[in-house]
Amino acid sequence: MQFNMDLYWALVEVFPNITVRSLSKMMGKSTGYWSSVNAQQHAVGTSALVQLLDALECQKIQASEGGARRLKLDRVSVMITQELVTRFEAQTGLESHALIAAQPKTVRDNFGAMPFVVASS
């Protein structure tokens, strides 16, 4: 539940006029999805987070490089990605190297193929 609230407030920083209905739609769900999930005290579904990540990537394209909005979008994207990685590790017991791409090439060369990748295009 804490992640849900952290996510919501992080999105409010980026989209001050966001509603729970519009957030649900950004997640590719019905307008009542967010309210229902939180009323039942469940975590937001993985598929909804992936859809939201894709929606944020589209917003990044429209935001100016290095601008305040772009930085906020980047922070929310990292937050979602970290949650997805945590869930992956908890469900599979495998250690993830999802954030290795940010490392220097010499560090990246020391790791083999990843069993799963979060990517948006």
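## Helices H4 and H5 and the aromatic residues

H1 and H4 are among the elements that cover the buried residues of helix H5. The model is predicted; local features need pLDDT of at least 70, side-chain atom pairs count only at pLDDT 80 or more, and totals for chains, interfaces and linings use all residues. Residues are numbered from 1 along each chain as its sequence is written, and side-chain values use heavy atoms, without hydrogens and water.

Helices here are DSSP runs (H or I, at least four residues), numbered from the N terminus. The expected span of a helix is 1.5 Å times one less than its number of residues. Two helices pass that check.

| Helix | Residues in helix | Expected span | Distance between end C-alpha atoms |
|---|---|---|---|
| H4 | 17 residues | 24 Å | 25 Å |
| H5 | 25 residues | 36 Å | 36 Å |

Burial follows relative accessible area: buried is under 20%, exposed over 50%, partly exposed in between (1.4 Å probe, protein chains only). The buried residues of H5 include Leu73, Val76, Ile80, Leu84 and Phe88. Charged residues are on that list too, including Arg70, Glu83 and Arg87. After H5 comes Gly93, with a positive phi near 80 degrees.

Which residues of H4 are buried? They are Ala48, Leu49, Leu52, Leu53, Leu56 and Lys60. These cover an arc of only 140 degrees around the axis, so they lie on the same side of H4. The arc is taken from the directions from the helix axis to the C-beta atoms. Ile61 and Gln62 are exposed on the other side of H4. The cover over the buried residues of H4 includes H1 (2-14), H2 (20-26), H3 (33-39) and H5 (68-92).

Arg70 belongs to H5. Its relative accessibility is 18%, so Arg70 counts as buried. Its side chain reaches the backbone oxygen of Lys60 at 3.4 Å. Beyond neighbours within four places in sequence, Arg70 is in contact (heavy atoms within 4.5 Å) with Lys60, Ala63, Ser64 and Glu65.

Now the rings. The whole structure holds two aromatic pairs. One of them, Tyr8 with Trp9, is edge-to-face, at 5.1 Å centre to centre and 80 degrees between the planes. Rings of Phe, Tyr and Trp (its six-membered ring) pair if their centres lie within 6.5 Å; planes under 30 degrees apart are stacked, over 60 edge-to-face, the rest tilted. Tyr8 is buried at 16% relative accessibility, whereas Trp9 is exposed at 53%. Tyr8, Trp9 and Trp34 make up one aromatic cluster.

Technical notes
Helix = DSSP H or I, 4+ residues; strand = E, 2+ residues; numbered from the N terminus. Polar contact = N/O pair within 3.5 Å; in protein donor to acceptor, adjacent residues only side chain to side chain.
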